[in-house]
Amino acid sequence: PEGVALLAGVPLFAPLARPLLESLADKLTRIEVPAGTEVVRVGETGDRFYVIESGRLDATYDGRGLSSMGAGECFGEIALLHDVPRTATVTAEEDSVLQALDREDFLAAMSGDSELLGRAESLAARRIPTV
């Protein structure tokens, strides 16, 4: 399915076996995001995990730049893993294409693979903004 190569290129998912990657890729939703669009906003409820197919997005918190992300990078895991509101605002700096995985599908993948969950938790811990 479309999206397998994209997921395989994301460090979080790279070690997964091909059948698991295919299963996740089947659940992806393609989203085109024009430049200037806020994809997620601090304080919102997390409903999706995102992988950047193309474009550039910036994550900010309280007016401070946290990171700039491009193709093959991901975001949205913190709110889903910890059941907390979004911890950053992510805005498309240029026209971008995202692949989104709904909350339930993301969490099901995490609960089915302890190694994957550990990698996701590690990623989330590195990104939680310090106030």
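Is phenylalanine 75 buried or exposed? Phenylalanine 75 is buried, with a relative accessible area of 3%. The views below come from a predicted model.

**View 1. Tyrosine 50 and phenylalanine 75 form a stacked aromatic pair.** The ring centres lie 4.9 Å apart, and the planes differ by 15 degrees. Tyrosine 50 sits in strand E3, whereas phenylalanine 75 belongs to strand E6 (residues 74–75), so the pair ties together parts that are 25 residues apart in sequence. Tyrosine 50 has 5% relative accessibility. The cut-off for buried is under 20%, so tyrosine 50 counts as buried.

**View 2. Phenylalanine 13 and phenylalanine 49 meet edge-to-face.** The structure holds three aromatic pairs. In the pair shown here, the distance is 5.8 Å centre to centre, with 85 degrees between the planes. Phenylalanine 13 lies in the loop between helix H1 (4–8) and helix H2 (18–25). Phenylalanine 49 lies in strand E3 (residues 48–54). The two residues are 36 residues apart, so this pair links distant parts of the chain. Phenylalanine 13 is buried, at a relative accessible area of 1%. Phenylalanine 49 is buried too, with a relative accessible area of 1%. Ring pairs link Phe13, Phe49 and Phe106 into a cluster.

**View 3. The largest nonpolar core has 25 residues.** Leu7, Phe13 and Phe49 have the most contacts inside this core. H1, H2, E3, helix H3 (77–82), helix H4 (103–111) and helix H5 (114–127) each supply at least two of its residues. H5 gives the largest share, four residues. In soluble globular proteins, nonpolar side chains tend to be buried together.

**View 4. Leucine 7 touches residues that include Phe13 and Val51.** Also on the list are Ala14, Leu21, Leu24, Ala25 and Leu28. Residues up to four places away in sequence are not counted.

**View 5. A second, separate core has 15 residues.** Among them are Leu57, Ala88, Leu98 and Ala100.

**View 6. Four strands form an open sheet.** The order is E2-E7-E4-E5, and the pairing is antiparallel. Which strands stand at the edges? Strand E2 (38–40) and strand E5 (64–69) do. Each has a single partner strand, so one side of each is left without a neighbour in the sheet. On average, neighbouring strands of this sheet are turned by 30 degrees against each other, direction ignored.

**View 7. Strand E4 (residues 57–61) runs antiparallel to E5.** Five bridges join these strands. Leucine 57 stands opposite methionine 69 in E5. Leu57 is also one of the residues in the second core.

Notes. Residues are numbered from 1 along each chain as its sequence is written. This is a predicted model: local features need pLDDT of at least 70, side-chain atom pairs count only at pLDDT 80 or more; totals for chains, interfaces and linings use all residues. Side-chain values use heavy atoms; hydrogens and water are left out. Two strands pair if DSSP finds at least two bridges between them. Axes are lines fitted to C-alpha atoms, for helices over the stretch in contact, and angles run from 0 to 180 degrees between N-to-C directions. Rings of Phe, Tyr and Trp (its six-membered ring) pair if their centres lie within 6.5 Å; planes under 30 degrees apart count as stacked, over 60 as edge-to-face and the rest as tilted. Buried means under 20% relative accessible area, exposed over 50%, partly exposed in between (1.4 Å probe, protein chains only). A nonpolar core is a set of buried Ala, Val, Leu, Ile, Met, Phe, Trp, Tyr and Cys residues joined through side-chain atoms within 4.5 Å. Contact means heavy atoms within 4.5 Å.
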